[in-house]
Structures are given as C-alpha cells and as structure tokens.
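Here is a quick tour of the model, taken in the order a curious eye might follow. Pull up the sequence and the coordinates, and read along.

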Amino acid sequence: MKQLQVGLEDRAYPILIREGLLSEVGEELKLRKIAKRYIIIADDHVAELFGGQLVESLRKVNIPVDLLTFPRGEASKNLTTIGRLISALAQLGVDRQDALIALGGGVTGDITGFAAAIYMRGIPFVQVPTTLLAQVDSSVGGKTGVDIPEGKNLVGCFYQPQAVFIDTLVLGQLPREELLNGLAEVVKYGVINDLDFFNFLLSNQKDILALEPAIVEAVIAHCCTIKARVVEADEREADLRRILNYGHTLGHAVEAASNFTIPHGMAISMGMVAVNTIAMGKGLLAAEKAQRIKDALQGFGLPVAIPPELDRCQMTELLKSDKKSVGGRPFFVLPIQIGKVIISDEVDDALIARAFG
Ligand SMILES: NC(=O)c1ccc[n+]([C@@H]2O[C@H](COP(=O)([O-])OP(=O)(O)OC[C@H]3O[C@@H](n4cnc5c(N)ncnc54)[C@H](O)[C@@H]3O)[C@@H](O)[C@H]2O)c1
C-alpha cells in the first residue's frame with residue numbers, strides 16, 4: 001500500500017493506492033470524517049462493474065449512500081449531464097454536510113468534481129478513479145469541467161478533491177485501448193521529469209502490460225508523486241504545470257483532425273514523437289534520445305506515426321486555435337534530455353510541418 005499527500009495548504013489531500021481498496025473505501029471515509037452521507041456518481045458501465053462493491057463498502061460501516069449514473073463516454077461530459085445530476089442531488093436533499101464520490105474514469109471525475117464545485121456553492125468530493133488515465137493523471141490536481149459544442153473542457157474550474165482512493169485491481173477489467181491511453185501519460189511523466197523512472201518503465205514493460213500488482217502500484221504512485229509535486233508548485237497552470245502538456249499540443253490537433261476517431265492516448269503518443277522532431281530541429285534533443293522515447297512508446301504498443309490521411313493544413317489551423325494558444329501562438333513542451341523539458345512558443349511553420357510528417 002502506498003500513501004502520498006498533495007500538499008496544497010488548506011486544500012491538501014491524501015492519495016491512497018492499494019490492491020483491493022475499493023472494498024475498504026467505506027472504512028477510510030469513516031476514519032477521515034469527510035461527510036455524513038455520500039452520493040456516488042458513475043457512468044452506467046462502471047456502475048455495473050463496481051457500483052455494488054463501493055455501495056456495500058459504505059453500507060457495511062453504516063454510512064448512508066446513493067448512486068447516480070449517466071451514460072458512459074465523452075459525449076456525456078456536458079452541461080446537460082451536470083444539470084441532470086445537480087437536480088438529482090437537490091431531489092435527494094443533499095446538503096453541505098454530504099459529499100460526492102467520483103467512481104470511474106476521467107469523464108466521471110471531471111463531471112463529478114464540477115458538480116461538487118457548483119452545487120450549493122461547493123460540497124466536498126472524493127475521487128475513486130478506475131481507468132489508468134484517471135489513476136495517474138485526471139484524479140489528481142483538481143481540474144474539473146465539461147465540454148461545450150465550441151470546444152473540449154471549455155467550462156470548468158479548479159476544485160480539489162478531499163481524497164483519492166486508487167484500487168489497482170479494477171484495471172484488470174479495463175479494455176486494452178483504455179490501458180494504452182493511460183500508458184501514454186505514464187511515459188510522458190518519465191520524459192518530462194525523471195530519467196530513472198523512464199528507465200524503470202523500459203525495464204518493466206512486460207510486467208506493466210501484464211498488470212503485475214507490485215509494479216503497477218509503483219508506477220501509479222510514481223506518476224501521482226510527479227503530478228502532485230507539479231500541482232503543488234503551480235496549481236492553476238500559470239507556468240510549471242504546462243509541462244504536463246508534453247505531446248498534447250500536437251496530439252490534440254491529431255485527435256481533433258481525426259474527428260476523435262483516434263483515441264486520446266494514441267494521439268498523445270504520436271504528439272510526443274512529433275514534438276520530439278521539433279526539439280531535434282531546434283538542436284535541443286539528441287536523435288538517440290528521441291529514438292529511445294519512440295522505442296518506449298512502441299514497446300507498450302502505442303502508435304508513433306501520424307496517419308498520412310489526416311489533413312496537415314487542418315492540424316496546423318487547429319494548433320493555432322487550441323484553447324491553450326496565446327494570440328494564435330501554440331506553445332510546445334520540448335524535451336532537452338529524457339527527464340527534462342523546456343517550454344517554447346518559438347517554432348516556425350516549416351518545423352511544425354516537418355513534425356506532422
Ligand atoms: N482533470 C484532468 O486533469 C484531466 C486530465 C486528463 C484527462 N482528463 C479528461 O479525462 C477524460 C478521459 O478519461 P478516461 O480516458 O478515463 O475516459 P472515461 O472516463 O470515458 O473511461 C473510459 C471508458 O472506460 C470505462 N471504464 C472505466 N473504468 C473501467 C474499468 N476499471 N474497467 C472497465 N471499463 C472501465 C468507462 O465506462 C468508459 O467507457 C477526458 O474527458 C479528458 O478531458 C482530465
């Protein structure tokens with residue numbers, strides 16, 4: 001079992017990582033006295049897989065609990081779902097003594113966190129992430145929100161959870177594609193922050209893919225530690241937190257140009273390899289290091305080449321209109337070594353074209 005702390009003064013919270021933790025969440029909540037009663041929010045698929053187990057874990061320690069669901073998938077991450085959920089909370093008589101539990105992937109975490117932030121001007125919430133992506137990334141750091149037709153994640157706020165409970169056992173049910181989505185983010189942490197961790201990932205690829213419990217627990221704990229340290233230094237992404245966008249600037253353009261048919265993690269993997277081309281073009285990254293990163297991604301079964309059928313002009317336009325671009329200038333997280341990156345918006349169009357390949 002691993003326990004970490006996100007040190008954000010009065011908004012500090014623990015992250016617990018343990019095989020089988022789902023059945024013990026009730027006891028942990030009882031110990032921590034976060035609320036009198038809990039409302040679990042899950043997508044319909046996760047509710048079916050794990051809802052009963054989590055409800056039972058609270059009931060066995062006499063904590064009142066209800067479960068609300070919404071249809072699974074990114075298409076539910078919108079204001080309509082938020083409206084439905086907060087109406088349901090009001091109908092259940094939920095008040096500020098009560099708390100929400102996000103049981104699921106990043107979609108559920110983002111929706112639940114946002115609902116918690118705005119219902120009665122803010123009630124507590126807890127994260128119980130069930131995808132690898134949510135366990136290593138989205139459940140930590142307090143970014144919450146939803147999509148609108150004009151763009152992804154355009155509405156939301158920073159709102160930190162009270163605790164994050166991670167059960168590695170639930171990953172056993174995760175489809176391979178969802179595992180890969182998370183693994184792209186795992187490799188990202190090594191490249192942006194930690195050569196030793198990157199080497200650890202390379203030496204343990206087989207065990208990681210086989211979800212060997214001790215290794216998976218170590219990987220998740222390491223990723224959460226890096227994310228926690230970055231968030232502690234820059235909670236609202238004024239500066240350092242931008243390094244978490246390594247591979248994402250180009251990856252988001254790939255994702256959008258494919259009409260979201262290319263899954264997020266695959267697009268980010270392609271984005272990391274593409275942005276390395278920019279780093280090499282600017283003389284910042286040695287070719288041999290870029291090759292090691294590419295090999296690591298491929299070793300996990302992640303794609304590294306942007307499909308030729310995607311429209312390069314469209315991707316360049318998408319880059320400029322990305323919500324994180326300032327005055328039409330996208331920024332890029334560029335590795336200078338494995339474990340160290342810089343941020344730059346000084347990249348000319350020819351180099352961007354070369355990166356798209
Ligand atoms: N808040 C943040 O900091 C942050 C960071 C990264 C991504 N995100 C957001 O996260 C979302 C993506 O998250 P995601 O990839 O977890 O998607 P998701 O929440 O849609 O989950 C993916 C699928 O896996 C299923 N699932 C979840 N856990 C499972 C399990 N253990 N076994 C079997 N199936 C399971 C879900 O039902 C769903 O169909 C995006 O909306 C993205 O914007 C947020």
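## Around the ligand

The shell around the ligand breaks down into seven nonpolar, 13 polar and eight charged residues. For these classes, Ala, Val, Leu, Ile, Met, Phe, Trp, Tyr, Cys and Pro count as nonpolar, Asp, Glu, Lys and Arg as charged, and the others, Gly among them, as polar. Bear in mind that this is a predicted model, where local features need pLDDT of at least 70, side-chain atom pairs count only at pLDDT 80 or more, and totals for chains, interfaces and linings use all residues. Numbering runs from 1 along each chain as its sequence is written.

In total, 28 residues surround the ligand, and the closest are G105, G106, V107, T131 and S138. To be near the ligand, a residue needs its C-beta atom, placed from the backbone, within 6 Å of it. At least two shell residues come from each of α2 (44-59), α4 (106-118), α5 and α6 (176-193). Helices here are DSSP runs (H or I, at least four residues), as are strands (E, at least two), numbered from the N terminus.

## Two domains and where they touch

The domain assignment gives domain 1 (2-173) and domain 2 (176-356); such bounds come from an automatic or database assignment. Taken over C-alpha atoms, the centres of the two domains are 26 Å apart. Across the boundary, 23 residues of domain 1 are in contact with 24 residues of domain 2, contact being C-beta atoms, placed from the backbone, within 7 Å.

On the domain 1 side, β1 (2-6), β2 (13-17), α5 (132-138) and β8 (151-158) are the elements that give two or more residues. Which of them gives the most? That would be α5, with five residues. By class, this side of domain 1 has 13 nonpolar, seven polar and three charged residues. Recall that α5 also supplies at least two residues of the ligand shell.

## A helix pair

Now for α6, another supplier of the ligand shell. α6 packs with α11 (residues 264-281) at an angle of about 30°, their axes 7 Å apart. The axes are lines fitted to C-alpha atoms, for helices over the stretch in contact, and angles run from 0 to 180 degrees between N-to-C directions. The crossing is left-handed, that is, the near helix is turned anticlockwise from the far one by less than a right angle. From α6, the residues involved include L180, L183 and V191, while α11 brings in H264, M266 and M272, among others. The contact has seven nonpolar, five polar and two charged residues.

## Four single residues

Burial goes by how many other C-beta atoms, placed from the backbone, lie within 10 Å of a residue's own: 20 or more is buried, 12 or fewer is exposed, and in between is partly exposed.

| Residue | Place | C-beta neighbours inside 10 Å | Class |
|---|---|---|---|
| K33 | loop between α1 (25-32) and β3 (38-43) | 7 | exposed |
| N62 | loop between α2 and β4 (65-70) | 8 | exposed |
| S258 | loop between α10 (248-257) and α11 | 19 | partly exposed |
| V25 | helix α1 | 25 | buried |

Most residues other than glycine have a negative phi. K33 has a positive one, near 50°, and N62 has a positive phi near 60°.

V25 counts as buried because 25 C-beta neighbours lie inside 10 Å. Leaving out residues up to four places away in sequence, V25 touches L54, S57, V128 and F165.

Definitions and conventions:
Two residues are in contact if their C-beta atoms, placed from the backbone, lie within 7 Å.
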